[in-house]
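Got your viewer open? Load the model below, and let's walk through it one selection at a time.

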Amino acid sequence: MKGRINNKLGEIRINPEVIAKYAGITAVECFGIVGMAAVSMKDGLVKLLKRESLTHGINVDIEENHIILDFHVIVAYGVSISAVADNLIENVKYKVEEFTGMEVDKINIFVEGVRVID
């Protein structure tokens with residue numbers, strides 16, 4: 001479902017794919033996030049996504065102009081997962097709400113792997 005905002009000039013519809021892309025770009029800028037992950041249900045394998053396909057690691061649900069985001073991420077080895085998750089939630093919530101004008105109700109983070117970064 002698309003997000004809808006009504007104003008005096010008309011209606012604005014935001015595609016969930018746009019929100020996912022913006023949230024993904026914001027997420028990979030956060031400290032401790034190596035990237036988004038794609039999980040193969042068939043094999044149980046986790047694959048690090050390239051910057052062009054960030055939206056595959058993010059699910060966006062919009063219900064009555066309230067956004068719920070699910071992130072599948074790979075974190076850097078040696079960092080506090082709770083600190084990285086808190087930072088991710090804070091940054092994404094602020095930037096997505098500022099970008100869309102809609103409220104972010106919930107952000108779920110699924111840590112799919114850990115990578116050593118050079």
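One cut-off before we click anything: a residue counts as buried under 20% relative accessible area, as exposed over 50%, and as partly exposed in between. Keep in mind, too, that this is a predicted model.

**Whole chain.** Start with cartoon view. You should find two helices and seven strands, and from the N terminus on they run β-β-α-β-β-β-β-α-β. Buried residues make up 36% of the 118 residues. Switch on a surface if you like: the accessible area is about 7,400 Å², with 51% of that belonging to carbon and sulfur atoms. Among contacts with a separation of 6 or more, 66% are between residues 24 or more positions apart.

**Strand E6.** Now select residues 66-76, which is strand E6. Nine of its eleven residues are buried, so "mostly covered" is a fair label. What does E6 pair with? On one hand there is E7, residues 103-115, running parallel to E6 and joined to it by eleven bridges. Label Val73 and you'll see Val111 of E7 opposite; do the same with Val75 and the residue across from it in E7 is Val114. E6 also pairs with E5, this time in the antiparallel sense and over six bridges. Here Asn59 stands opposite Asp70 of E6. Zoom in on the hairpin of E5 and E6, where two residues sit between the strands, and check the backbone of Glu64: its phi is positive, near 50°.

**Over the helix.** Add helix H2, residues 81-100, to your selection: E6, H2 and E7 together make a right-handed β-α-β unit.

**His72.** Stay in strand E6 and pick His72. Buried or exposed? It's buried, at a relative accessible area of 18%. Show its surroundings and you'll find that His72 touches Gly35, Met36, Ala37, Gly57, Asn59, Phe110 and Glu112, leaving aside residues up to four places away in sequence.

**The core.** Next, show side chains for the largest nonpolar core, which has 25 residues. Which of them touch the most other members? Those are Ile19, Ile67, Leu69, Phe71 and Val92. H1, E3, E5, E6, H2 and E7 each supply at least two residues of this core. Click on Ile67 for a sample: beyond residues up to four places away in sequence, its contacts include Ile19, Val60, Ile62, Val96 and Val104.

**Ala23.** Move over to helix H1 and select Ala23. Its relative accessible area is 0%, so Ala23 is buried. Not counting residues up to four places away in sequence, Ala23 touches Ile58, Leu69, Phe71, Val92 and Val96. For a distance check, try Ala23 to Val60: the two are 37 residues apart along the chain, and their C-alpha atoms are separated by 9.6 Å.

**The aromatic pair.** Last stop. How many aromatic pairs does a search of the whole structure find? One. The partners are Tyr22 and Phe99, and they're stacked, with 4.0 Å centre to centre and 10° between the planes. Tyr22 lies in helix H1 (residues 16-28) and Phe99 in helix H2, so the pair ties together parts that are 77 residues apart in sequence. Colour both by accessibility to finish: Tyr22 comes in at 28%, so it counts as partly exposed, and at 42% Phe99 counts as partly exposed too.

Note on methods:
Residues numbered from 1 in each chain as written. Predicted model: local features only at pLDDT ≥ 70, side-chain atom pairs only at ≥ 80, totals over all residues. Heavy atoms only, no water. Pairing = 2+ DSSP bridges. Helix = DSSP H or I, 4+ residues; strand = E, 2+ residues; numbered from the N terminus. Right-handed = clockwise from strand over helix to strand, strands pointing away. Phe/Tyr/Trp six-rings, centres within 6.5 Å; stacked < 30°, edge-to-face > 60°. Buried < 20%, exposed > 50% of the residue type's maximum accessible area, 1.4 Å probe, protein only. Contact = heavy atoms within 4.5 Å. Areas by Shrake-Rupley, 256 points an atom, 1.4 Å probe, with all protein chains shown as cover. Core = buried A, V, L, I, M, F, W, Y, C linked by side-chain atoms within 4.5 Å.
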